[in-house]
Amino acid sequence: MNVNEDLETPPGLISKVVVSIIVFFGLLIFAIIYVAFFASSFSLFQQIAVILIALLVATTILGVMWVSWGMKYGKEWKEKGCK
């Protein structure tokens with residue numbers, strides 16, 4: 001393998017990492033704002049449901065994004081001999 005091939009960043013990797021960081025911090029900011037300002041008007045079970053739904057939405061966004069990228073570029077990495 002060529003040294004330049006080892007240092008090459010796969011297409012779309014940087015944008016996926018940036019979006020992952022934004023989604024993570026967005027979820028944290030949402031949870032803090034929700035707990036600080038809106039949670040008092042809901043029951044405990046409704047509060048838990050809202051946080052779980054936010055977690056599911058964030059997980060779905062990240063899962064779809066990373067799985068589609070992995071399916072597209074995973075085969076290329078396997079062909080190059082990467083483990």
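Is Phe30 buried, exposed or partly exposed, and what is its relative accessibility? In this predicted model, Phe30 has a relative accessibility of 36% and therefore counts as partly exposed.

**View 1. The aromatic pair of Phe30 and Tyr34 in helix 2.** Five aromatic pairs are counted in the model, and one of them joins Phe30 to Tyr34 in a stacked arrangement, with 5.9 Å from centre to centre and 15 degrees between the planes. The two residues are four apart in helix 2, which corresponds to about one turn of the helix. Whereas Phe30 is partly exposed, Tyr34 is buried, with a relative accessible area of 4%. Ring pairs also bring in Phe42, so that Phe30, Tyr34 and Phe42 are linked into a cluster.

**View 2. The aromatic pair of Trp69 and Tyr73 in helix 3.** The rings of Trp69 and Tyr73 form a tilted pair, 5.6 Å centre to centre and with 45 degrees between their planes. Both residues belong to helix 3 (residues 44–80), where they are four residues apart, about one turn of the helix. Trp69 is buried at a relative accessible area of 9%, and Tyr73 is likewise buried, at 11%.

**View 3. The surroundings of Ser20 in helix 2.** Ser20 is placed in helix 2, which covers residues 13–38, and because its relative accessible area is 16%, under the 20% limit, Ser20 counts as buried. A polar atom of the Ser20 side chain lies 2.8 Å from the backbone oxygen of Lys16. Leaving aside residues up to four places away in sequence, Ser20 touches Leu62, Met65 and Trp66.

Note on methods. Residues numbered from 1 in each chain as written. Predicted model: local features only at pLDDT ≥ 70, side-chain atom pairs only at ≥ 80, totals over all residues. Heavy atoms only, no water. Buried < 20%, exposed > 50% of the residue type's maximum accessible area, 1.4 Å probe, protein only. Polar contact = N/O pair within 3.5 Å; in protein donor to acceptor, adjacent residues only side chain to side chain. Contact = heavy atoms within 4.5 Å. Phe/Tyr/Trp six-rings, centres within 6.5 Å; stacked < 30°, edge-to-face > 60°.
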